[in-house]
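Biologist: I would like to go through this structure with you. Could we begin with the space inside the protein?

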Amino acid sequence: MRADLSDVLFEPTPATKAFMASLGAGEVAEAVTVLDQHWLEVWFAIDPSDLKNLLLSLPASAFDRFANATYLNQLVGTTLADPATAPPPGNDPERRLAELGRRGGQLRTAGRPAAAMELVPEGARLARQVRGQLVDTSEGSMAVWMIQVGITALLAGDLVTARINFLEAQNSRRPARFPFVEREGAAKLALTHAIAGDLQQAAACAERARQQPRTASWVEQLVDHTVTLVDYIGAVDALDLDRAEELRLATPSPLSHLEFWGPALIVQVRHLCLTGRAGEARELCDEVAAMGLPLPDSDGWVAAMLNDARLLCQSPWEVPTAPEPHTSYVELLARRTHLVATGQYD
């Protein structure tokens, strides 16, 4: 039986074309084999909702020996038969790196980027083996790895490591398997510069991201959100409040930025406080807290993002009755001194 794939939009990377062609020809076993061997490539090329529907339409028995069990279960839940346990990675650097990436992604998703950073030194050593010394021979997979490390470092509060990895990711020039990486790397680098307060570099990187050719990958929407957040931070820092208001109204909820809800919340709170709307800023913080953010046991900068946003809502001379969670009195004083010195109170 041939699947009707006419409504599925996807970026035609090599493995994705093979996967879709096999599905269209009714060759389910071959399609699942390609998916298992090139999961990351197919995952980034096809919208997760479409991919989920495609996989749910296949017989559960097709996944009996599916090695990427964790990712499959995260995507489709337990409606499919439990897949086989993936074999140990052994001495294969690419498989060991994939396992490190899986563990690091789980930690970051659980709000623990600082814990995930402990895996980075070993991952960086393996990545150098897979990538090659002079040019990237990994067809972009190492650029994806570096972008993920950069995001983890950013959320952990390590802007230097984040900047290095986003710069490295852009050395892969539109690889066939992951053609979005150069644009995504530029956008994430722009965000890192914006958070660090380097508006000129942030604007230049954001413009570079805008000029890169778009792909059909669902990642492009996340890149757009990142560039918009960079523009918003730049408008607030430059006190271009009319432009800042336009950008705030275009994306009113910081939760629209997924992993970067923290920086989005902080800049929106700053903007509201600068324009005399501290009450609205407090309500925004309460809404984020009601969503269960940050997650329990969060670490790194993620753990302090909501507290930092709440601090901005207070007068710098207001004395709290007790320190916020994850915040000692010494840290509280240091943060407030920094906020006053950098003009982040109105």
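Modeller: Certainly. Please note that the model is predicted. Helices α13 (219-237) and α15 (261-274) each supply at least two residues of the lining of the largest cavity.

Biologist: Which helix gives the largest share of that lining?

Modeller: That is α13, which contributes three residues.

Biologist: And which residues line the largest cavity?

Modeller: The lining consists of T228, L229, Y232, L247, T251, P254, H257, A264 and Q268.

Biologist: How do the residues of the lining divide into nonpolar, polar and charged?

Modeller: Five are nonpolar and four are polar, while no charged residue belongs to the lining.

Biologist: How much space lies in the largest cavity?

Modeller: The largest cavity holds about 60 Å³ of space. With a threshold of 30 Å³ or more, the count is one cavity.

Biologist: Let us change topic to helix packing. At what angle do α4 and α5 pack?

Modeller: Helix α4 (residues 48-56) and helix α5 (residues 69-76) pack at about 100 degrees, and their axes are 10 Å apart. Angles of 65 to 115 degrees count as roughly perpendicular, and α4 and α5 are therefore roughly perpendicular to each other.

Biologist: Which residues meet there?

Modeller: From α4, the residues P48, L51, K52, L55 and L56 take part, and they meet L72, L75 and V76 in α5.

Biologist: What is the make-up of this contact by class?

Modeller: The contact of α4 with α5 has seven nonpolar residues and one charged residue, with no polar ones.

Conventions:
Residues are numbered from 1 along each chain as its sequence is written. This is a predicted model: local features need pLDDT of at least 70, side-chain atom pairs count only at pLDDT 80 or more; totals for chains, interfaces and linings use all residues. Side-chain values use heavy atoms; hydrogens and water are left out. Axes are lines fitted to C-alpha atoms, for helices over the stretch in contact, and angles run from 0 to 180 degrees between N-to-C directions. Helices (H or I, at least four residues) and strands (E, at least two) are DSSP runs, numbered from the N terminus. Angles under 35 degrees count as roughly parallel, over 145 as roughly antiparallel, 65 to 115 as roughly perpendicular and the rest as oblique. Contact means heavy atoms within 4.5 Å. Ala, Val, Leu, Ile, Met, Phe, Trp, Tyr, Cys and Pro count as nonpolar, Asp, Glu, Lys and Arg as charged, and the others, Gly among them, as polar. On a 1 Å grid over the protein atoms alone, a cavity is a set of points where a 1.4 Å probe fits but cannot get out, and a pocket is an open set with protein on both sides within 12 Å along at least five of seven lines; lining residues have an atom within 4 Å of a point. Grid points are joined across faces, edges and corners, and a volume is the space filled by probe spheres set on the points.
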